[in-house]
Amino acid sequence: MSNALTVAGKGKLAMDKWVVQSSIFLLFIAMSLAFRFSLNPNGKHFDSLLTCQNNNNNNISSSSYLKERIVELANDPHTVDWMKKIRRQIHENPELAFEEFETSKLIRQQLDQMGIAYRWPVARTGVVATLGSGSSPFVALRADMDALPIQEMVEWEHKSKVDGKMHACGHDAHAAMLLGAARILKQLQDTLQGTVVLIFQPAEEQGQGGKDMIAEGVLDNVDAIFGLHTVHRYPTGVVASRPGEFLAGCGSFKAKIIGKGGHAAIPQDSIDPILAASTAVISLQNIVSREIDPLDSQVVSVAMIHGGTAFNVIPDSATIEGTFRAFSKKSFNALRERIKEVIEGQAAVHRCTCEVNFTGTEHPIIPPTVNDARIYELVRRVSIDIVGEGNVELAPIFMGSEDFAFYLDEVPGSFLFLGMRNEKIGSIYHPHSPYYTIDEDVFPIGASIYAVFAHSYLSNATRNLNSYD
């Protein structure tokens, strides 16, 4: 009896031990599965997750290498000298808006030598080139190429050879840097995950070139666009921009106020348009000073008044002309309407009629330049990679305007200021000065930013810019 009980006891003990061991084993399995699931919540195979992580590391490494390679190519002495040579050729032979035939020819010659396909003429003298896969996504880079009716006063080896014409706004440098970016991207064409569109635009100074280029389809299929401008506000090696509203919209107006002429000694027989024009000028100043929020920067300036031919004759009509600027489209359009109301109202008060025109061909309306926040952020990070975080600044808003705004009205994009102030070489004068001087040391920086932005955008496009390589 006792032996039977002993055997039974041993059997029960063994069974209990087995249950405990089994429980511990199952608990270990459950904990292992839970740990794997926490690493891979979407249920992917763990080996696949490791492979994916390795691929991401490889992508980051590859992207970093390509950026370094682009900067290396941009700073190659042969490339730098080549960009300088092109810029100096363009500078010596400045051409005004829609007259850029020789400039366009030089650009096409360089594209031909690089084996880059292009379309010409676009908007009379513009050139649009493409390189890459030829398929989506498409990203555009833009440079302008027209000069100004200014007599150059800078004495140097490559001074303008055309009297009364000068590249006094850096467009010669913009075109040279975009050609530099084209040369770099051509060497890396097999790595482009899409298509780069290179826009060499005429007539920026007239405010019409960008609009005409768009009308001829340069933005067809384009998903994003980038442009830059050399400025003296920042030293060489510093760049600046801002998300959202950046540059002001610019409009011009011309108002003809019509009265009834007569002898100045008997004004009761006349309807005086000079008086109506004078009160209109004063009343226009009240729009900004008394009707606009001081924190919403706007400008109305009357800069031209024409009326009469003799001191003792009241003329039949008088004309006033001016400009207006604002940073938001809403404020810009509201300001335009208010200018019209004020002039018409003052004309009516003084028994005159008027014709107000905002669509002059010489000075067309340019909308505000508004940077897309996502594209701005990509440009900012690209710039940090090239010039360092300490040399990338948040720009204030500027009252200047740029017809790059027309592109931004159509597709997301961003505009960047490329600093080039250098007191040692006299690169200190503002655009449109006859002493305007370019620090050519910025060329590798500008070409690098152009090229890295295009390459990075195409690499990130499939991820909708949710990450940055």
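# Exercises on a predicted model

In this predicted model, 80% of the contacts in the chain with a separation of 6 or more are made by residues 24 or more positions apart. The secondary structure comprises eleven helices and 16 strands, and 48% of the 469 residues count as buried.

## Exercise 1. Crossing of α3 and α4

Determine how α3 and α4 are oriented relative to each other, and which residues form their contact.

*Solution.*

Step 1. The axes of α3 and α4 approach within 10 Å and cross at roughly 155°.

Step 2. Angles over 145 degrees count as roughly antiparallel, and α3 is therefore roughly antiparallel to α4.

Step 3. The crossing of α3 past α4 is right-handed.

Step 4. On the α3 side the contact involves W82, I86, Q89 and I90, and on the α4 side T103, L106, Q110 and M114.

Step 5. Sorted by character, the residues of this contact are five nonpolar, three polar and no charged.

## Exercise 2. Length and surroundings of α4

Check the span of α4 against the expected rise per residue, then identify its buried residues and what covers them.

*Solution.*

Step 1. Helix α4 covers residues 101-114, which is 14 residues. At 1.5 Å a residue these should span 20 Å, and the end C-alpha atoms of α4 lie 20 Å apart, so the two values agree.

Step 2. The buried residues of α4 are T103, S104, L106, I107, R108, Q110, L111 and M114.

Step 3. The cover over these buried residues includes the helices α3 (77-92) and α5, together with the strands β1 (117-122), β2 (126-132) and β4 (195-201).

Step 4. Just after α4 comes G115, with a positive phi of about 75°.

## Exercise 3. Crossing of α5 and α11

Classify the crossing of α5 and α11 and describe the character of the residues in contact.

*Solution.*

Step 1. Helix α5 spans residues 171-187 and helix α11 residues 443-461; their axes come within 8 Å and cross at roughly 50°.

Step 2. The two helices are therefore oblique to each other.

Step 3. The handedness with which α5 passes α11 is right-handed.

Step 4. From α5, the contact draws on A173, H174, M177, L178, G180, A181, I184 and L185; from α11, on F443, G446, A447, Y450, A451 and A454.

Step 5. These residues divide into eleven nonpolar, three polar and no charged.

## Exercise 4. Length and packing of α7

Compare the expected and actual span of α7, and state which elements its buried residues pack against.

*Solution.*

Step 1. Helix α7 runs over residues 273-291, a total of 19 residues. The expected span at 1.5 Å a residue is 27 Å; the end C-alpha atoms of α7 are 26 Å apart, which agrees.

Step 2. Buried in α7 are P273, A276, A277, A280, V281, S283, L284 and I287.

Step 3. The packing partners of these residues are the strands β8 (249-258), β10 (298-307), β11 (313-314) and β12 (317-326), and helix α8 (329-349).

## Exercise 5. Backbone exceptions

Locate the cis peptide bonds at P121 and P137 and the positive phi values at F98 and H432.

*Solution.*

Step 1. Most residues other than glycine have a negative phi, and most peptide bonds are trans.

Step 2. W120 and P121 are joined by a cis peptide bond with omega of about -5°; P121 belongs to strand β1.

Step 3. S136 and P137 are also joined by a cis peptide bond, with omega of about -5°. P137 is in the loop between β2 and β3 (138-144).

Step 4. F98, although not a glycine, has a positive phi of about 65°. F98 is placed in the loop between α3 and α4, and its relative accessibility of 8% means that F98 counts as buried.

Step 5. H432, likewise a residue other than glycine, has a phi near 75°. H432 lies in the loop between β16 (413-421) and α11, and is partly exposed because its relative accessible area is 38%.

## Exercise 6. Neighbours of N391

Establish where N391 lies, how exposed this residue is, and which residues distant in sequence N391 touches.

*Solution.*

Step 1. N391 sits in the loop between α9 and β15 (392-394).

Step 2. With 30% relative accessibility, N391 counts as partly exposed.

Step 3. N391 and T236 are 155 residues apart along the chain, and their C-alpha atoms are separated by 9.5 Å.

Step 4. When neighbours within four places in sequence are set aside, N391 is in contact with G237, V238 and V239.

Key
Residues numbered from 1 in each chain as written. Predicted model: local features only at pLDDT ≥ 70, side-chain atom pairs only at ≥ 80, totals over all residues. Heavy atoms only, no water. Axes fitted to C-alpha atoms, helices over the stretch in contact; angles between N-to-C directions. Helix = DSSP H or I, 4+ residues; strand = E, 2+ residues; numbered from the N terminus. Parallel < 35°, antiparallel > 145°, perpendicular 65-115°, else oblique. Left-handed = near helix turned anticlockwise from the far one by under 90°. Contact = heavy atoms within 4.5 Å. Nonpolar A, V, L, I, M, F, W, Y, C, P; charged D, E, K, R; others polar. Expected span 1.5 Å × (residues − 1). Buried < 20%, exposed > 50% of the residue type's maximum accessible area, 1.4 Å probe, protein only.
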